[in-house]
Amino acid sequence: MFCTKAAFCRAACLASLAHKPIKTRDTYETLRTRTDRRRAGFSSLESQAAADLVLFNAKVFTAEPGQPLAQAVAVEGGKILAVGADAEILALADANTRRLDLAGKVLMPGLIDSHSHPVMGALASLRANLHDEVKPLAELEQWIVEEERAGRARMDDILLISGVSSAYWQQSRALAERFNRGRWASQPLVLDGIDGHTGWANRAMLERLGIDARLVASLDAKEAGYIEHDADLRPTGFLAETGWDRVRSRLPEPSRSCCSTPRARRCGSTTGSASPPGWTPRPTAAATSRCSRCAPQQTTWACCRCTGGWPRTAS
């Protein structure tokens with residue numbers, strides 16, 4: 001059985017405090033049973049391991065109907081041991097327990113937003129991708145040059161780097177200093193954040209899209225906040241959410257370049273009895289099918305490396 005929503009939230013909110021992984025398959029019922037057994041004396045406190053961490057003197061939001069608030073929480077071995085009043089939870093501590101007095105503050109469940117962008121991630125895997133690696137800026141510049149030479153970074157006349165760590169955004173002005181001069185002054189460059197919600201573009205790209213001080217001045221405070229800018233309203237290059245959408249929505253269609261990468265260049269294969277790597281059989285056996293995006297040659301296989309979907313029938 002998977003955990004209830006409340007139990008999951010409790011596990012999430014204490015994971016960082018306990019500094020140990022929380023196993024969220026513990027249901028609230030299991031946690032409550034542990035506490036009830038202690039209360040009922042099914043086993044003595046002396047015979048059980050003491051809590052590693054006790055958070056007390058708090059307003060603990062439990063999200064449980066009928067009992068939304070508690071005073072304290074005990075954690076043992078990275079798992080929530082008990083939730084209840086200060087006295088009963090402090091009784092689970094010993095000399096080695098870390099006690100954290102929250103001084104009446106609210107302890108809220110952690111909100112874990114786990115989601116993915118499968119299509120975006122798949123396309124990004126076919127081009128230059130940092131995979132969240134953080135390099136010194138000089139090394140990053142050299143890596144981008146090498147990726148361009150290898151034919152993995154260019155989409156039309158734009159250099160696009162995917163999988164960029166959010167750690168780079170703290171260096172947005174240093175990125176601008178490096179990638180707005182010399183050969184980069186006229187070369188549009190886009191760094192696509194690994195989170196799918198942020199990115200950075202150099203001045204050549206920003207100017208092409210009309211993202212400048214005048215645009216920032218025309219936006220309300222919320223929208224302008226998604227375009228990082230200096231006191232003179234000049235953008236630094238870092239963008240988030242709707243600001244990033246202004247760049248992402250203007251990038252070339254993936255189908256124009258995805259099949260130009262070495263890993264995707266399999267579309268011209270001849271008909272055979274076995275599927276080539278990265279290909280899937282067409283639903284029908286008609287020999288007149290072809291990839292609708294990148295393979296003018298007739299083939300009985302559909303290229304799953306590009307974004308055209310099922311191949312159309314040749315006319």
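# Reading a predicted model, feature by feature

Q: Asp156 sits in the loop that links β8 (154–155) to β9. What is the sign of phi at Asp156?

A: Before we look, keep in mind that this is a predicted model. The general idea is that most residues other than glycine have a negative phi. Asp156 is not a glycine, yet its phi is positive, about 55°.

Q: Is Asp156 buried, partly exposed or exposed?

A: The cut-offs help here: under 20% relative accessible area is buried, and over 50% is exposed. Asp156 has a relative accessibility of 43%, so it counts as partly exposed.

Q: Which value does phi take at Asp132, and where is Asp132 found?

A: Phi of Asp132 is near 70°, again positive in a residue other than glycine. Asp132 belongs to the loop between α4 (118–124) and α5. With a relative accessible area of 38%, Asp132 is partly exposed.

Q: Let's step back to the whole chain. How many helices and strands are there?

A: The protein chain holds 10 helices and 17 strands. Of its 315 residues, 43% are buried. The surface it exposes comes to about 17,100 Å², and 53% of that is supplied by carbon and sulfur atoms. Sequence separation is worth a look too: take the contacts between residues at least 6 apart in sequence, and 61% of them join residues at least 24 apart.

Q: How should I read the nonpolar core, and which residues have the most contacts inside the largest one?

A: The general idea is that nonpolar side chains tend to be buried together in soluble globular proteins. Here the largest nonpolar core has 22 residues, and Leu140, Ile144, Ile161, Leu189, Leu191 and Trp200 have the most contacts inside it. At least two residues of this core come from each of α5 (137–149), β9 (158–164), α6 (172–179), β10 (189–193) and β13 (235–240). The element that gives the most to this core is α5, with five residues.

Q: What is Leu189 in contact with, beyond its neighbours within four places in sequence?

A: Leu189 touches Ile144, Leu159, Ile161, Phe179, Trp184, Trp200, Ala201, Asn202 and Met205. Another core lies apart from the largest one; it has 18 residues, including Met155, Met205, Leu206 and Ile227.

Q: Now the sheet: in what order do its four strands lie?

A: Strands of a sheet pair through backbone hydrogen bonds, either parallel or antiparallel. In this model, four strands form an open sheet in the order β5-β4-β1-β6, with mixed pairing. Its edges are β5 (79–84) and β6, each of which pairs on one side only. Ignoring direction, neighbouring strands here are turned against each other by 15° on average.

Q: How many bridges join β1 to β6?

A: Strand β1 (residues 53–56) is joined to β6 by four bridges, and the two run parallel. One pair to pick out is Leu55 with its bridge partner Leu100 in β6.

Q: Just before β6 I see Thr97, in the loop between α3 (86–90) and β6 (98–101). Why does Thr97 count as buried?

A: Thr97 counts as buried because its relative accessibility is 7%, where the cut-off for buried is under 20%.

Q: Which polar partners does the Thr97 side chain have?

A: A polar atom of the Thr97 side chain lies 2.5 Å from the backbone oxygen of Ala51. The backbone nitrogen of Asp94 lies 2.9 Å from a polar atom of that side chain. Setting aside neighbours within four places in sequence, Thr97 is in contact with Ala50, Ala51, Asp52, Leu53, Val54 and Leu92.

Notes. Residues are numbered from 1 along each chain as its sequence is written. This is a predicted model: local features need pLDDT of at least 70, side-chain atom pairs count only at pLDDT 80 or more; totals for chains, interfaces and linings use all residues. Side-chain values use heavy atoms; hydrogens and water are left out. Buried means under 20% relative accessible area, exposed over 50%, partly exposed in between (1.4 Å probe, protein chains only). Contact means heavy atoms within 4.5 Å. Accessible areas come from the Shrake-Rupley method with a 1.4 Å probe; for residues, only the protein chains shown count as cover. A polar contact is a pair of N or O atoms within 3.5 Å; within protein, one must be able to donate a hydrogen and the other to accept it, and residues adjacent in sequence count only if both atoms are side-chain atoms. A nonpolar core is a set of buried Ala, Val, Leu, Ile, Met, Phe, Trp, Tyr and Cys residues joined through side-chain atoms within 4.5 Å. Two strands pair if DSSP finds at least two bridges between them. Axes are lines fitted to C-alpha atoms, for helices over the stretch in contact, and angles run from 0 to 180 degrees between N-to-C directions.
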